[in-house]
Amino acid sequence: MGALRKNQTAPRNILLLVFLVYIVSIFRVGSAWAIGVNYGMLGDNLPPPAQVAEFLRTKTSIDRIKLFDANTDVVRAFANSGIAVTITVPNGEIPGLVQLPGAQQWVTAHVSPFVPQTNIIRVLVGNEVLHWGPQNLIDNLVPAMRTLYQALQQAGHRNIQVSTPHSLAILGRSQPPSTGRFRPGWDVGVLKPMLQFHRETKSPFVVNPYPYFESGPKNVNFCIFKMNRGRLDRWTKKMYYNMFESQMDAVFSAMKALGYPDVNIVVGETGWPTVAESFQTWVTPYTAQTYNSRLVMAVNSGKGTPLMPGRKFETYIFGLFTENQKPGPIAERSFGLFRPDFTPVYDIGILRNGPRPQPRLQPRPQPRPQPGPGRNWCVPKPEATDAQLQANINYVCGQGVDCRPIQAGGACFNPNNVRSHAAYAMNSFYQTKGRQPFQCDFSHTAFLSNRDPNINAYMSQLFQVLCPSIFDPAEKYISLIIPAFNEEQRLPSALDETMKYLHQRSEKDKSFTYEVVIVDDGSVDGTKNVALEFVKTYKMDNVRVLLLGRNCGKGEAIRKGMLHSRGDLLLMVDADGATKVDDLEKLETQIRAVVEKEMHMDHAADGNLSLGMSDVPVTAFGSRAHLEEKALASRKWYRNFLMKGFHLVVLLAAGPGIRDTQCGFKMFTRAAARKLFSNVHLKRWCFDVELVYLCKWFRIPMLEISVTWSEIPGSKVNLLSIPNMLWELVLMALGYRTGMWKING
């Protein structure tokens, strides 16, 4: 019996040993997942590239790196390391790759000398080009990718892929994930031909999903792969338990909608900082370690996502080192996995010899949220130097903030000095990126002020007013934009009537907040002085003046006024006061009816009344069509001739829909103005017709509403206007039909 018992015990011991080996192997693999990293070099204390290559090769399971340039020292250092290398063409070099000789020269300088010793697997053309622009880089992006691929093939580098990374700003819609769609304009104009290129060359579509940028105290568990209630995609009935999978499936759905679900996806950047401002209590070493370690397991597991089951994702964590010279908020310098001396900031299971001893990371105590102050403005510190402020401008303008207003000819160009331009840029970054205190740090060169700079001493501070943007949240109920060119005589009476109406209505209804934006279109008379007198009378919060410096045209004046307005509703009004200002209520009522209908539909679909006046694109065109018969009898003959001929040409150019396109009394919701005035090209007479064309392209509802109108002496329309009008209409037709004029979503 003893021998039998011994014989029975032996197989059990063997099975136990196999089981233990299996368990150990699981944990061993778990501590050395394969992963890629972004190797940035914005630091003055980073180790030499050769030491970095040796460390990654011998001490970690990091098997691939991605560079933000094609630094030859780094590429050479990774020769014979066994680590795959992705190099990047800087954004500014993209136009030079469109022609084959330029692409061949680039390959000869940055690829051929290092292959095959360095395992270059991919060349990225630019970094987040669609996000940052400018338009000429976007237009050249796909042609440059194709030409560079051709040059690589001709040079014999047939295994090197070509792609380009994208931020998730390419998505016009991302929630729920199954409804993810690319932004109109980019979808068919840029991304569809790009995806076709990826399919043909079997190269991946590279995206940079960052749940960190969507995180807050209420959803942090969802963002860092911790236990949470999950989110249901009501269309697919699939549950999501982390933001990363939600973002990836939104990208996949957008690709599928264009017919490219088979193109592979690579995660070019993702990560989580260890330090941010004190306001961001959910950003800690603990949350960074949790996100990155669980990310590594997720992308290696083969589990995939709800819409992409069974997929593994080639992934590059941002970043390898803490980089002490990165500009911007403190978080930008706190994404690194390792310190410059190669000690880990925390361990995520990528060290070859298992995790080094680390102090247990605990979440930072979450203080009770305190009531926030009123509106703040991000302004430069008095002691900040011009060099520091210029660096801030360069950083902000490279982060997608619209810096055109502080460029020559822009509405906020004057005064032309670094401090004024930095004030605009830094505050725009703060206002558009979430209005969190850490977004107004700028390496300790800025501070938050709760005093509106608009109320400083009138004349000395007038031109230092920080220009708002149409892309900011609305701050007023309505903005009236008045273009004025040599209107010294007609402007005062029109403004008197307008301000009287607005003031009386605001007294009756405290929710009716307003601003009047007077855009001086290069007047050579006293128009500017008239406008400034109204600013002094009604204060800058209610009346602002934009000075264009030179005559740009009525369309351009209105465009710039719209782009720097603060209202839920935006109304363009002629400076002559030809239309009664209280007729805005007619347009307002009709727009509100459309918005409420959309809000009701949104509520029915989502169970959540999430839309507001600013969110629904609607336009209302004031119309004088009902006065046509009377106008024919009372107007001068040449004005009737112009009107009839122009209506015919407009019908041919833009199609039917609006009978009176030229009435200078038009109202837009903020969502409509944002789409229309960031795309309009015509600057003078016929911009109204282009607005009709764009409304049809975006499928924005157009309402035509009769208004009270009377002819005011002093019109600038005459027989000489005819050739200009015809030329603009021809230009518009050619621009859109040939594709020279792009429409961005």
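**Exercise 1. Which residue in β4 does I87 stand opposite?**

Work through the sheet around this residue, bearing in mind that the model is a predicted one.

Solution. Begin with the strands themselves: β3 covers residues 84-89 and β4 covers residues 120-125, and the two run parallel, joined by five bridges. Within this pairing, the residue that stands opposite I87 is V123 in β4. Next, place the two strands in their wider setting, which is an open sheet of nine strands with parallel pairing, in the order β5-β4-β3-β2-β1-β13-β12-β9-β6. At its edges are β5 (161-163) and β6 (165-167), each of which pairs on one side only. Finally, consider the twist: ignoring direction, neighbouring strands of this sheet are turned by 25° against each other on average.

**Exercise 2. Describe helix α7, asking where its kink lies.**

Solution. First compare the length of α7 (residues 186-201) with expectation: its 16 residues reach 21 Å from the first C-alpha to the last, which is close to the 22 Å expected at 1.5 Å a residue. Then look for a bend, and a kink of about 30° is found at K192, shortly before the proline P193. The buried residues of this helix include W186, L191, M194 and F197. Just after the helix, K202 takes a positive phi of about 55°.

**Exercise 3. Are E515 and R544, which form a salt bridge, buried or exposed?**

Solution. Start from the contact, where the side chains of E515 and R544 meet in a salt bridge at 3.0 Å, N to O. E515 lies in strand β17 (residues 514-520) and R544 in strand β18 (residues 543-547), so the pair ties together parts that are 29 residues apart in sequence. Both residues are buried, which is to say that each has under 20% relative accessible area. The two also belong to a network of salt bridges that links E475, K476, E515, D541, R544 and R566.

**Exercise 4. How many residues apart are E497 and K580?**

Solution. These two form a salt bridge in which the closest N and O atoms are 4.0 Å apart. The pair links distant parts of the chain, 83 residues apart, with E497 in helix α14 (residues 491-508) and K580 in the loop between β19 (567-573) and α17 (584-606). E497 counts as partly exposed because its relative accessibility is 33%, and K580 counts as partly exposed at 43%. For another arrangement, turn to E533 and K536, whose salt bridge has its closest N and O atoms 3.1 Å apart; both lie in helix α15 (residues 527-538), three residues apart, about one turn of the helix.

How values were computed
Residues numbered from 1 in each chain as written. Predicted model: local features only at pLDDT ≥ 70, side-chain atom pairs only at ≥ 80, totals over all residues. Heavy atoms only, no water. Pairing = 2+ DSSP bridges. Helix = DSSP H or I, 4+ residues; strand = E, 2+ residues; numbered from the N terminus. Axes fitted to C-alpha atoms, helices over the stretch in contact; angles between N-to-C directions. Expected span 1.5 Å × (residues − 1). Bend = angle between axes of the 7 residues up to and from the residue. Buried < 20%, exposed > 50% of the residue type's maximum accessible area, 1.4 Å probe, protein only.
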